[in-house]
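Please look over the sequence and the fold below before reading on. The paragraphs after it go from strand pairing to the nonpolar core and then to the surface.

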Amino acid sequence: TGSFTQTVSAPAATTVVVTSSANPAVQGASVTLTATVAAGSTPMTAGTVSFTDGTTVLATGVALSSTGKATFTSSTLTTGVHLLTVDYTGATGYAPSSASFTQTVNGPASTTTTLTSSVNPSAYGAAVTLTATVTSGTSPVTAGTVTFTEGTTTTEVPKNSSDGWRYDIPSQPTKVILVGGWCDRVKQASEGKVEVVLGCAPKVN
């Protein structure tokens with residue numbers, strides 16, 4: 001009979017290094033976590049990676065690229081400090097490994113909006129430019145949009161038979177009729193309305 005000695009080597013050690021595209025990040029902004037797995041100076045391409053936030057699994061079975069990298073992107077991380085764990089499954093001849101990473105997510109930064117007018121007061125019918133300047137601290141804000149809204153405005157319409165209002169029958173009025181430019185202005189206003197105010201107390205029978 002003969003004998004044979006089989007030597008089984010221990011799996012090669014691997015390491016995981018985690019980086020973030022933004023740390024700290026702002027709530028709602030996209031953050032990409034990148035795990036780089038290597039055995040010494042050799043990038044690992046076999047095996048998969050999982051990303052965990054505390055006890056919540058963010059992603060599992062994430063494949064490694066040819067450079068030994070696996071990524072996870074999220075915009076739903078809540079405000080606060082997140083202790084993230086990245087686990088590498090290992091591969092034939094290579095041991096599993098893991099790494100922890102602390103990701104901080106800050107709440108939205110406060111902003112200030114300042115509104116100015118090119119002409120104030122302005123003449124009726126004249127062009128007016130309104131400018132809204134949005135800043136966060138001393139920095140201008142370049143993302144997002146601005147909405148200009150005209151609040152509820154009450155304007156007295158003059159009694160004028162050609163441009164204002166008039167009675168349908170002056171001697172025995174039953175209707176108040178808008179005429180001229182005032183009629184057009186009310187029709188063009190998306191929420192325009194006319195309120196008739198009596199100049200005397202109503203008679204109660």
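What follows is a reading of a predicted model, beginning with its open sheet.

Five strands make up this open sheet, arranged in the order 2-9-8-5-6, and their pairing is mixed. At the edges lie strand 2, covering residues 25–26, and strand 6, each of which pairs on one side only. In general, the strands of a sheet pair through backbone hydrogen bonds, in either a parallel or an antiparallel sense.

Strand 5 is a useful place to look at this pairing in detail, since both of its partners can be followed residue by residue. With strand 8 it pairs in the antiparallel sense over five bridges; along this pairing, Val49 stands opposite Tyr88, while the bridge partner of Asp53 in strand 8 is Leu84. Strand 5 is also joined to strand 6 by five bridges, and these two strands likewise run antiparallel, with Thr48 standing opposite Ala63 in strand 6. Strand 5 and strand 6 form a hairpin with two residues between the strands, and in this hairpin Gly54 takes a positive phi near 65°.

Is strand 5 mostly covered or mostly open? Five of its six residues are buried, so that by the cut-off of under 20% relative accessible area the strand is mostly covered. The largest nonpolar core has 21 residues, and those that touch the most other members are Val16, Val49 and Phe51. At least two residues of this core are supplied by each of strand 1 (15–20), strand 3 (31–39), strand 5 (48–53), strand 6 (56–63), strand 7 (69–74), strand 8 (80–88) and strand 9 (97–106). The largest share, five residues, comes from strand 3.

Val49 brings the pairing and the core together, for this residue stands opposite Tyr88 in strand 8 and is also among the core residues that touch the most other members. Leaving aside its neighbours within four places in sequence, the contacts of Val49 include Ala35 and Val37, then Ala59, Thr60, Gly61, Val62 and Leu64, and further along Ala70, Val86, Asp87 and Tyr88.

The surface offers another nonpolar grouping, in which Leu115, Val119, Val128 and Leu130 make a patch of about 330 Å². Leu130 lies in strand 11, which covers residues 130–136. Why is Leu130 classed as partly exposed? Its relative accessible area is 45%, and because this value falls between the 20% limit for buried and the 50% limit for exposed, Leu130 counts as partly exposed.

How values were computed. Residues are numbered from 1 along each chain as its sequence is written. This is a predicted model: local features need pLDDT of at least 70, side-chain atom pairs count only at pLDDT 80 or more; totals for chains, interfaces and linings use all residues. Side-chain values use heavy atoms; hydrogens and water are left out. Patches are made of residues with over 30% relative accessible area and no salt bridge: like charges are joined within 9 Å, nonpolar side chains (Val, Leu, Ile, Met, Phe, Trp, Tyr) within 5 Å. Accessible areas come from the Shrake-Rupley method with a 1.4 Å probe; for residues, only the protein chains shown count as cover. A salt bridge is a side-chain nitrogen of Lys or Arg within 4 Å of a carboxyl oxygen of Asp or Glu. Helices (H or I, at least four residues) and strands (E, at least two) are DSSP runs, numbered from the N terminus. Buried means under 20% relative accessible area, exposed over 50%, partly exposed in between (1.4 Å probe, protein chains only). A nonpolar core is a set of buried Ala, Val, Leu, Ile, Met, Phe, Trp, Tyr and Cys residues joined through side-chain atoms within 4.5 Å. Contact means heavy atoms within 4.5 Å. Two strands pair if DSSP finds at least two bridges between them.
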